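Student: I am new to this structure and would like a close look at one single part of it. Could you walk me through it?

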Amino acid sequence: MPHNSGLMPVLALETSCDETAVAIYDGERGLLSHTLHSQIRLHAQYGGVVPELASRDHVRRVNGLIRIALEQAGLGAADLSGVAYTAGPGLIGALMVGASVAAGLALAQGLPLVAVHHMEGHLLAPMLEPERPVFPFLALLVSGGHTLLVSVEGIGRYRVLGESLDDAVGEAFDKTAKLLGLPYPGGPHLARLAEAGQPGRYRFPRPMTDRPGLDFSFSGLKTAVATALPVDADDQQRADIARSFEDAVTETLAIKCDRALEATGYRGLVVAGGVGANRRLRARLADLATRRGVGLYFPRPEFCTDNAAMIAYAGWARLADARPADGRLFTTARWPLESLQPPGTRAA
Amino acid sequence: MTLRLLAIDTATEACSAALWIDGAIVERHEVVGRTHTERLLPLVHALLADAGLRPAQLDGLIASIGPGSFAGVRIGVGLVKGMALGLDRPVVGITSLAMLAQAALDQGAERVLPCIDARMSEIYWGAYGRDAAGLASPLCADQVVPPGAVDFSALPGGDWSAVGTGWGTYADVLTPRLPHRLLSVDGAALPRARHALTLALPVFARGEAGSADDLAPAYLRDRVALTLVEQQAARAARSSG
């Protein structure tokens, strides 16, 4: 459990990719505020996230969002107990914006600064909901950058049981959507198109389910779609392909979750990350949880995608690791989840 | 009425912070390469500690807004944005080119051509004169161009002083393009926070310092990616060429 108690409101900044987000969490009242600006429209005209433009937009938005978050919470900067920021993994230039603004805020008020691991934020996002999972649990982290099956024994006690050997799930969605002629970001568009599709019209592989193990591979699926897609595909064919693709992905994820639950004997399954907002994945995992009699925990959809609420929670839970804003401004593009330690035990 | 201001510059390979305390300036300045994330906070902390000042005693903040390294500029601008919001104090942004020009004016120069190596075979440059108060005042808009495309022809005559790493890298290209006399060339000069203080003081005195929310870097180089339409056009041009 977190080493602190009481109010201790922590303000958190999330700027690891293309969302600028600010939130405030404390131990007694929970989430006090959360606000977010999405850069999707900015990057859409480029067909993907342009890191330099993402960094520039974070600089533009961040102060206004901090003011909104403070106002929503009814707090001033002097009322805070700490400032948290996403230190990685992510786009290094974008991360540095959050880190430097957080450091300035912390320096101004003499507050401690907490560097938060973005994926730990996702793992702990269900703690923001009324029904919280109990440790240990299995977590499926699925986003544009990650596909991870993680054994979570406690905060900072993570073991990666399986991961994608190539494309992340979200990446596979986006690339397949592009093949189908859908605009960026393709994942949610593909899911909408799949709603109109007939299941079973196409048969795509369930990669790496024919052998033991918990790793994933999604790059072959994209190739299978490219092969199956007629040059002059009509709307119904495209919808059918989208549906069969989505079924292949979600069934693959469910098979691996089933195996991991069997191997660990855990009674809880947490699903987080942007793809966790996918309706068909949610339905399939709900079936699995019912069949196995385990608890299923989703953050609400807005806390599946990148947000600062999860960073504020993780930052609050890690106040024991906070440091004064007088040293190195820590950010890192790569940061293995398994290198994390429980709060208060990190080497100096 | 005492005035205490903190200025920060991280736009180039230098990293500096300076305090104005009732007319006295103290500064810390280091050449850090690309390690601003490691050096800036300890440097600011030490500067404040030596002066016996707490951040809450500051009346305003000044950020060097570039041009320079995009990431470098954002570290200093980000720190100032966060500090100013946390302290509820006004801010002023000063360009790195104006800071370089002010340094030369303080050494007796009358007309200055500050120029910073912008990498990617380009330079940031501007032209500055001295106003009645002895402050650097722009004679044209700051710009980013390849050194071989610099147009100095509209500049007024007189004796010019050249400062900055752009001259260090491209003096052989730039010097013949200037139709006026070049008094001196300092190709190693880097911006220093103390000159941002000098330039920002009158803005604070006039009560014209602004909100940290509006503080924005001056990147100058704004085309950093091709849109889908431009990518398509480029592909079409390649395949037809």
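In β7(B), which residue is the bridge partner of B:D117?

Tutor: Happy to help! This is a predicted model, in which local features need pLDDT of at least 70, side-chain atom pairs count only at pLDDT 80 or more, and totals for chains, interfaces and linings use all residues. Residues are numbered from 1 along each chain as its sequence is written, chains are lettered from A and ligands numbered from 1 in the order in which they are written, and side-chain values use heavy atoms, leaving out hydrogens and water.

The partner of B:D117 is B:I123, in strand β7 of chain B. Strands here are DSSP runs of E with at least two residues, numbered from the N terminus, and two of them pair if DSSP finds at least two bridges between them.

β7(B) covers residues 123–125 and runs antiparallel to β6(B), with 3 bridges joining the two. Together β6(B) and β7(B) make a hairpin with 5 residues between them. In that turn, B:R119 has a positive phi of about 60 degrees.

β6(B) has another neighbour as well: strand β11 of chain B, residues 159–163, runs parallel to β6(B) and is joined to it by 4 bridges. There, B:L113 has B:A162 as its bridge partner.

Finally, is β6(B) mostly covered or mostly open? Strand β6 spans residues 111–117 of chain B and is mostly covered, as 6 of its 7 residues are buried (under 20% relative accessible area, with a 1.4 Å probe and protein chains only). In a regular strand, side chains alternate between the two faces of the sheet.

Key: Buried < 20%, exposed > 50% of the residue type's maximum accessible area, 1.4 Å probe, protein only.
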